[in-house]
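Got your viewer open? Let's take a walk through the model, one selection at a time.

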Amino acid sequence: MSNPNINQPLIVANVHNLVTGTLENAICFYDIMENINNFYFSFMTSFNFDFTYSQPVWAFIRSTSAIVGSEYPEDVFWNYDRTRSFIDILSFYKSDIEYENQAFIYQESQNKRELERYISSLINHYSRLLFVRIDLKYALATSHHVSIEDFDCHMQNLRDLIGNKKTCFKNLQGYAWALEQGSIEGGLHCHLLLMYDGSKRQNDWHLAKEVGEKWQDITDGLGEYYSYHDKEVKQRYSQYDNLGIGMIHRNNPTQVENALRTALYLTKPEKTDQHLKLKVPGMRTFGHGQYRIAKRRGLRL
């Protein structure tokens, strides 16, 4: 667990936003100075060289280090001159940050094409699939108890359960997931899509509830979930003929189109502010099942 007095993901998100806002001239000078004084000590005392950080966060580390040198974080105060130097040095890292954004957009575009092929293959193979969409997150009041290591561990446990296809994952024929971090509150969360055999599973509301409760068990009660399968939510999408969850029939083009659009929300290249600002080594942020597997009935390998 992380230091109970420091919300690790939030501190990193605050530093990331401070750097991007400074480079975009979206923050006034005295707010920059105040924010550095607010974030610097907490960030430096929770910094871990084993983690992967976003380029804006690395720009913060390198710029501040160039100014304060070997001073202990608790002894550092960011006055006018130091803040001015920070802003000046920060500009040298603008191209690195832009390069990272472009790399993210490219990778998300690749993920989107890959996911579309996967979903289309499943829809074409089964006469009907039950689509379940749920967002897995953490309670805001206790999110400071969840470190990036905890999140990675929780996701690994979830993927293991999905792979075993037992309890609420029984009759699962496909799945996809994407990890993100909120741009404002820094909240870690997962967008999850599950596709069940429509001849064996029908109650999408109940399945979404079961999966959400499974997430709460995995996280020892720290997790929360948002289901898209409540009656009011589904009615809102249905009235505009945009419903892409629930039972999807292969021979209904509108349902198929809506289901694909719903699935592809997991990979949106324009959501550059939602990517993880820190990761543990080897941490994956996107994945889906395999279409060509031996157990897939009627499929020649």
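Helices here are DSSP runs of H or I with at least four residues, and strands are E runs of at least two, numbered from the N terminus. Axes are lines fitted to C-alpha atoms, for helices over the stretch in contact, with angles from 0 to 180 degrees between N-to-C directions. This is a predicted model, where local features need pLDDT of at least 70 and side-chain atom pairs count only at pLDDT 80 or more, while totals for chains, interfaces and linings use all residues. Residues are numbered from 1 along each chain as its sequence is written, and side-chain values use heavy atoms, leaving out hydrogens and water.

Start with α2 (residues 29-46) and α4 (residues 80-90): their axes come within 10 Å and cross at roughly 100 degrees. That makes α2 roughly perpendicular to α4 (the label covers 65 to 115 degrees). Now show side chains: F29, Y30, I32, M33 and I36 in α2 meet Y80, T83, R84, F86 and I87 in α4, with contact meaning heavy atoms within 4.5 Å.

Next, pick α3 (residues 55-68). Its 14 residues should span 20 Å at 1.5 Å a residue (1.5 Å times one less than the number of residues), and the end C-alpha atoms are 20 Å apart, which agrees. Among its buried residues are W58, F60 and I61, buried being under 20% relative accessible area with a 1.4 Å probe, protein chains only. Their cover includes α1 (8-23), α2, β1 (52-53), α4 and α5. Just after α3, click G69, whose phi is positive, near 60 degrees.

Last stop: F43. Leaving aside neighbours within four places in sequence, F43 is in contact with I11, V12, V15, Y53, V57, F60 and I61.

Notes:
Parallel < 35°, antiparallel > 145°, perpendicular 65-115°, else oblique. Buried < 20%, exposed > 50% of the residue type's maximum accessible area, 1.4 Å probe, protein only.
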